[in-house]
Amino acid sequence: MPDLELLLATKAALLAAMRTGALIVRHGDKSVQYRSIAEMKDALAGLNDEIAEAEGKPRKKVFYLDVRRGY
């Protein structure tokens, strides 16, 4: 599991790139090129999950209700 400081630094680099509209994120000697902002948002969501896990917080649970009227 990556350490928390690395995850936070990666998140900061990703957010900075998203703010400028760049699709390439560089952190240290590594570089990642994304195809779209949507892909970057997915990566950010994954980072947030990893950070929450590293901090010992429970993962978010999402429930979808499908309510229909019967005839």
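A: A salt bridge is a side-chain nitrogen of Lys or Arg within 4 Å of a carboxyl oxygen of Asp or Glu, and we will look for such pairs here, keeping in mind that this is a predicted model.

Q: What can side chains of opposite charge do when their charged atoms come close?

A: Side chains of opposite charge can pair when their charged atoms come close. In this structure, K57 and E55 make such a salt bridge, and their closest N and O atoms are 3.3 Å apart.

Q: How many salt bridges does the structure hold?

A: There are three salt bridges in the structure. Besides the pair just described, R35 is joined to E39, with 3.1 Å between the closest N and O atoms, and D66 is joined to R68, with the closest N and O atoms 3.2 Å apart.

Q: Is K57 buried or exposed?

A: To read this, compare the relative accessible area with the cut-off, since a residue is called exposed when the value is over 50%. K57 has 51% relative accessibility, so K57 counts as exposed, while its partner E55, at 39%, counts as partly exposed.

Q: How do R35 and E39 read on that scale, and which class does each belong to?

A: R35 counts as exposed because its relative accessibility is 71%, whereas E39, with a relative accessible area of 26%, is partly exposed.

Q: Which class do D66 and R68 fall into, buried or exposed?

A: D66 has 59% relative accessibility and therefore counts as exposed, and R68, at 70% relative accessibility, counts as exposed as well.

Notes. Residues numbered from 1 in each chain as written. Predicted model: local features only at pLDDT ≥ 70, side-chain atom pairs only at ≥ 80, totals over all residues. Heavy atoms only, no water. Buried < 20%, exposed > 50% of the residue type's maximum accessible area, 1.4 Å probe, protein only.
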